[in-house]
Amino acid sequence: MSGSRTSWFTHDRFGMVIHWGLYAIPARGEWVRSMEKISVEDYQKYFDEFNPDSYDPKEWARIAKDAGMKYAVMTSKHHDGFCLFDSKLTNYKSTATKCGRDLVREYLDAFRGAGLKAGLYYSVIDWHHPDYPHYGDNFHPMRDNEAFKDAKHDFENYLDYMHGQVRELCTDYGKLDLLFFDFSYGKMSGEKWRGTELMKMVYDLQPGIVVNNRLEASGDQYGSIVSNNPSPYAGDFVTPEQIIPPNGIRRPNGEPVLWESCLTMNNNWGFSQFDKCFYPPEVIIRKLVEIVSKGGNMLLNVGPDARGRIPEESVKLLQTVGKWMRGNGASIYGCGGSGRAKPDFGRLTAKGEKFLYLHVTEQTICPVYIQGIKPADVKKVRLLSTGAELSTENTWVTAGYPDYLFIRLDEHGRPSYSLPDPMCTVIEIELK
Ligand code: GLC
């Protein structure tokens with residue numbers, strides 16, 4: 001049943017996505033071939049050069065685990081068609097470069113070994129394959145190159161190749177926890193990919209796998225998963241990109257739908273040497289809280305460089321996030337929306353019926369409060385990161401608000417204007 005198959009996904013809430021490949025060498029993001037209309041021939045030098053001497057997926061797994069991430073997804077093939085795995089269907093692969101390594105296999109072994117769930121990203125788009133549409137396509141690097149105007153493409157042959165590679169990944173690499181297809185656009189969607197056949201194969205070969213919605217969608221629309229009649233390739237979760245759905249995601253009948261916001265730390269998925277516009281850690285922490293408060297997951301991106309190293313800015317950011325998660329992860333893992341109104345100064349997450357987590361991100365001049373809870377309903381209140389008891393006694397200023405639970409974040413008698421954790425202070429409320 002889908003619910004049990006996806007229960008780990010809903011519990012874990014926080015994952016890493018890794019965008020890595022030849023595009024790390026030009027270091028201008030993973031769309032460089034399309035954006036700069038680079039021919040296969042002109043891009044070949046990166047294949048000839050690719051040799052990430054510092055690739056250490058065990059280090060990557062340690063970074064992810066220390067950040068409090070519970071699962072990861074790595075590109076097995078991105079839109080440029082370069083395979084980071086030893087596909088028998090092409091020589092355009094990492095094992096045929098100087099590197100000579102099956103990067104996917106090493107990644108899966110390392111992340112599984114660290115106790116994380118491990119999945120793969122696979123691009124159904126392929127700008128390297130001769131039978132993928134070129135001229136007139138929305139994004140292909142040769143989309144307006146007249147030399148390709150009359151080129152003939154046997155798209156069924158490409159689909160056989162693409163299906164064959166997905167079969168390889170689902171057969172030769174052990175139990176995959178997640179498959180992130182990317183992405184559908186215009187008529188390139190659904191049955192154009194032979195989606196029913198492809199998704200059936202994936203679920204047959206990997207019965208426990210969780211799959212996204214991008215055989216019929218992308219980051220800007222949901223696909224039929226949000227309808228009352230999902231297609232066979234609707235997938236298990238929606239993938240809002242660089243956005244947090246304002247009210248979560250539900251079907252017309254109000255039934256919640258699994259969703260995962262995929263976000264970059266700077267402005268690029270793939271490594272970009274000069275994009276130093278990284279979020280500060282408190283933004284990531286507060287957005288993770290917001291996402292969980294709305295019932296979603298966060299998939300946070302890292303783009304390793306051409307030598308196989310996760311950028312220092314990302315490592316530092318994840319270290320700070322991890323420190324916060326070590327103190328407050330209980331308010332994220334296994335949590336979701338509370339069904340209550342958003343509090344004035346932060347957000348609420350809930351774990352079952354007994355635990356509420358008040359995430360305070362704004363300073364207060366009075367005790368913080370939750371509407372609809374009376375002190376008599378409460379078993380105990382603690383500062384989550386230290387376990388310290390917090391007082392819920394009312395003062396004369398709160399007497400007029402009997403329908404609120406007031407919690408003091410101050411030394412008795414002296415309101416403290418600075419929060420215990422200015423990034424995000426978490427209060428655990430256990431109900432009777
Ligand atoms: C978009 C981008 C792609 C990236 C993906 C991540 O589809 O085009 O490069 O891999 O988002 O969700």
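This passage walks through two pockets, one buried histidine and the cysteines of a predicted model.

Pockets come first. Rolling a probe the size of a water molecule over the atoms shows where empty space is left. In this model, the largest pocket holds about 740 Å³ of space. Its lining is made up of 33 residues, and those closest to the centre are Arg-250, Pro-256, Trp-259, Lys-294 and Gly-295. As for helices and strands, α1 (2-5) and β8 (346-351) are the elements that each give two or more residues to this lining. Of the elements, α1 gives the most, with 3 residues. Sorted by class, the lining of the largest pocket splits into 10 nonpolar, 13 polar and 10 charged residues.

Next comes the second largest pocket, with a volume of about 280 Å³. Here 18 residues form the lining, and Asp-182, Phe-183, Arg-214, Glu-241 and Trp-269 sit nearest the centre. The classes in this lining come to 8 nonpolar, 5 polar and 5 charged residues.

Away from the pockets, attention turns to a single side chain. His-134 is found in the loop that runs between β3 (117-123) and α7 (155-172). With a relative accessible area of 7%, His-134 falls under the 20% cut-off and therefore counts as buried. What is around it? Setting aside neighbours within four places in sequence, His-134 is in contact with three other histidines, His-129, His-140 and His-153, and also with Met-142, Arg-143 and Phe-148. There is a polar partner closer by in sequence, too: a polar atom of the His-134 side chain lies 2.5 Å from the backbone oxygen of Tyr-132.

That leaves the cysteines. How many disulfides does the model have? The count comes to 0. Two cysteines show how the rule plays out. For Cys-99, the closest cysteine sulfur belongs to Cys-83 and is 13 Å away; a disulfide needs the two sulfur atoms within 2.5 Å, so this pair is too far apart for a bond. Cys-99 is also buried, because its relative accessible area of 10% is under 20%. For Cys-277, the closest cysteine sulfur is that of Cys-262, at 18 Å, which is likewise too far for a bond.

Key. Residues are numbered from 1 along each chain as its sequence is written. This is a predicted model: local features need pLDDT of at least 70, side-chain atom pairs count only at pLDDT 80 or more; totals for chains, interfaces and linings use all residues. Side-chain values use heavy atoms; hydrogens and water are left out. Helices (H or I, at least four residues) and strands (E, at least two) are DSSP runs, numbered from the N terminus. Buried means under 20% relative accessible area, exposed over 50%, partly exposed in between (1.4 Å probe, protein chains only). A polar contact is a pair of N or O atoms within 3.5 Å; within protein, one must be able to donate a hydrogen and the other to accept it, and residues adjacent in sequence count only if both atoms are side-chain atoms. Contact means heavy atoms within 4.5 Å. On a 1 Å grid over the protein atoms alone, a cavity is a set of points where a 1.4 Å probe fits but cannot get out, and a pocket is an open set with protein on both sides within 12 Å along at least five of seven lines; lining residues have an atom within 4 Å of a point. Grid points are joined across faces, edges and corners, and a volume is the space filled by probe spheres set on the points. Ala, Val, Leu, Ile, Met, Phe, Trp, Tyr, Cys and Pro count as nonpolar, Asp, Glu, Lys and Arg as charged, and the others, Gly among them, as polar.
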